[in-house]
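Hi,

Here is the structure I promised to pass on. Have a look at it first, and then read on for what turned up.

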Amino acid sequence: MKILFLGFSFDITTGLFFITTYNIFLLALPKKWIGSLLDKTFTYCYCFIVLLLMYFSLMAEIPFWDEFGVRFNFIAVDYLIYTYEVITNINQSYPLPLIIGILLILIVLSFYLFQEKKFFLYSFTNKMPFLKRLIMSVSLLILTLSLGFFLKNNWADNGNNLTVNELGKNGVFSFFAAFRSNELDYGTFYPTINQRQAYLVLRKKLLQNNQHYLSKSNTEILRETEGETLIRPNIILLTIESFSAEFLKSFGNTQNLTPNYDALSAESIFFTNLFATGTRTVRGMEALTLSIPPTPGNSIVRRPDNQHLFSVATIVRNKNYHPYFIYGGDGYFDNMNNFFGGQGFDIVDRDRGNTLSEDIATKRYRIPDSEVSFENAWGVCDEDLYKQSIKYADINFEEKKPFFQFVMTTSNHKPYTFPNGKINLPQGERDAAVKYTDYALGKFIALAKTKAWFKNTVFVIVADHCASSAGKWEININKHHIPAIIYNLNQKPEKIDRLMSQIDLMPTLFGYLGWDYNTALYGKDINQTKIGEERAFIGNYRTLGLLKGDIFTQINDRKKTVQYNFDQKSGEMREDQFKNSELTNETISYYQTASERFKEGKMKEIQK
């Protein structure tokens, strides 16, 4: 009943906003012009546009829900900016002529119904006096503005079942609510503790066995990491789109979708208990480069003033590495180029004419048409992308300069298309895209092995996020479980089963390399982390959490804290009535300080 009542309220409010312009038109229309050509033309056109928007939003919600498990949210708002990728993806993923045909049929049927019910006839012949129109129009406007002002989208969010919460919403209303609140200020919306206490907890939890702080200030987290040896192999960080752990044979999959990754994992440092911080590519990028918990609202990748942050790039640049960001689409999408360029990466992408910010001093190299064998809405196929990695590795090898590549794949993304004749599954389905992604990875490693630089190159292969996150809870922890390996490290292969966050992966690599370096990252080397201090950060746009042991502490934008007992095998979560206050304070400390540090510019690199 609550879902029904709230849903009806959101629907009525949305409908009132849809007719507001027409309401004002009818009020302003002189009585003698009622039924005129102007009246009929405006009415028919306005009715057509409103019906088109209503039916289109209804039809668009179906695949959006299928992809993200929610009504329209900030993701839909973001996608409006990137018209090329979105329109091309829709065109490649769905039968547009059929969709347009259905839309037109629905509109024609609606017009026919209105005509049969004589709605238009009544509208064009009713010479309502101005005073009566004024009373009706003003009443509707007051009701519209009142509902629009007082009705809040988060009224539907009272439980921890995401599906139930979302069912009570209206897609269009949710869209505009997200448009208005695309940024969330932590201090305003989330539980906080005293700042001094937050930093005391943070400094205690961040310190590894081989680190010491460089300042006694309670708000400084810069610390020196002691190393025993110094080796500087080339580093290629392969970030695979939507590559869930559940696709791998190691985690129980029987479809043989990932034979190459499975084979590589047996020869690598294989992290089997690692969790992605978020549900989008930009969250994975944020975690792997900035090594911080997922602050609420938009990823830092997409925020303004995100240049010159202390990041993994800071550390490798101090080791004289040449960093590259290699992406098969146009890195303008999701602000990726400005973010990576702002951290000192050179850019390799398709460059469709979207220029970099003038404030960013970096080089940009376009992937030429002659080096593309297949391309869809999101970019070139993984095989073509990996050839770019090989190309720039060759260039740096000739220049005798170590390189660090952040390579972001796209083939495992809807519309799930790739070159023909590569695998034995048909295009257009997720499983086929996963198998092609794995095929391309195997081909890349085989080609890399023929290169002189291979022996001195380490490959970190990890997912950006899982293929889906929808489920019974607002945060479904097992839907953040991703695989990661460090390959060609000249170390004995081993499985690391300790709980890890995506933000810990690169600091762990630096530990294996024996690097001595300064760090202001939140990520930790798992091999230098005390037993019992392992943790994983997991969040979405609004809800944030910390998994430690079998307890998941969750905070949200209604200043609410909930703790669950988590069973990883079944994925079940049971609310814990006896809250662990120490874990609550630890969770808040991480997220509160990370949000404050970015907002106040404290994440910036220390200027020498």
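Strand 2 (residues 223-225) and strand 15 run antiparallel and are joined by 3 bridges. If you want a residue to click on, Arg-223 sits opposite Thr-519 of strand 15. Keep in mind throughout that this is a predicted model.

That pair belongs to an open sheet of 3 strands, ordered 1-2-15 and paired antiparallel. Its edges are strand 1 (211-213) and strand 15 (517-519), each of which pairs on one side only. On average, neighbouring strands here are turned by 30° against each other, direction ignored. Helix 11 (residues 195-206) lies across strand 1 and strand 2, and runs at about 155° to strand 1.

There is another open sheet further along the chain, this one with 5 strands in the order 16-17-18-19-20, again with antiparallel pairing. Strand 16 (536-539) and strand 20 (573-575) each have a single partner strand, so one side of each has no neighbour in the sheet. The average turn between neighbouring strands of this sheet is 30°, direction ignored. Strand 16 pairs with strand 17 (residues 544-548) over 4 bridges, in the antiparallel sense. Within that pairing, Ala-536 has Leu-547 of strand 17 as its bridge partner. Helix 19 (residues 581-599) lies across strand 16, strand 17, strand 18 (551-555) and strand 19 (561-566), at about 130° to strand 17.

Now for strand 11, which is worth colouring by burial. How many of the residues in strand 11 are buried? The count is 7 of 7, so the strand is mostly covered. Thr-457, Phe-459, Ile-461 and Ala-463 point one way, while Val-458, Val-460 and Val-462 point the other way, and all are buried. Two of the pairings of strand 11 are these:

- Strand 3 (residues 234-240) runs parallel to strand 11 and is joined to it by 7 bridges; here Leu-238 has Ile-461 as its bridge partner.
- Strand 12 (residues 481-487) pairs with strand 11 in the antiparallel sense over 4 bridges; here Phe-459 has Tyr-487 as its bridge partner.

On to the helices. Helix 1 (residues 2-28) packs against helix 7 (residues 130-150) at an angle of about 150°, and their axes are 9 Å apart. Because anything over 145 degrees counts as roughly antiparallel, that is the label for helix 1 against helix 7. The crossing is left-handed. On the helix 1 side, the contact residues include Ile-12, Leu-16, Phe-17, Ile-24 and Leu-27. Helix 7 contributes, among others, Phe-130, Arg-133, Leu-134, Leu-140, Leu-147 and Gly-148.

Last, the charged pairs. The count comes to 27 salt bridges, and I picked out a few for you.

Asp-334 and Arg-280 form one of them, with the closest N and O atoms 3.1 Å apart. This pair links distant parts of the chain, 54 residues apart: Asp-334 is in the loop between strand 5 (322-327) and helix 15 (336-342), and Arg-280 is in the loop between strand 4 (269-275) and helix 13 (281-290). Are these two buried or exposed? Asp-334 is buried, at 3% relative accessible area, and Arg-280 is buried too, at 7%.

Lys-451 and Asp-394 make another salt bridge, at 3.2 Å from N to O. It also links distant parts of the chain, with the two positions 57 residues apart: Lys-451 is in the loop between helix 17 (430-448) and strand 11 (457-463), and Asp-394 is in helix 16 (residues 382-398). Lys-451 is partly exposed, with a relative accessible area of 26%, and Asp-394 is partly exposed at 24%.

Asp-557 and Arg-558 also form a salt bridge, with their closest N and O atoms 3.6 Å apart. Asp-557 counts as buried at 10% relative accessibility, whereas Arg-558 counts as partly exposed at 28%. There is a network as well: salt bridges that share partners join Arg-350, Arg-352, Arg-366, Asp-369 and Glu-375.

Cheers

How values were computed. Residues numbered from 1 in each chain as written. Predicted model: local features only at pLDDT ≥ 70, side-chain atom pairs only at ≥ 80, totals over all residues. Heavy atoms only, no water. Pairing = 2+ DSSP bridges. Axes fitted to C-alpha atoms, helices over the stretch in contact; angles between N-to-C directions. Contact = heavy atoms within 4.5 Å. Salt bridge = Lys/Arg side-chain N within 4 Å of Asp/Glu carboxyl O. Buried < 20%, exposed > 50% of the residue type's maximum accessible area, 1.4 Å probe, protein only. Parallel < 35°, antiparallel > 145°, perpendicular 65-115°, else oblique. Left-handed = near helix turned anticlockwise from the far one by under 90°.
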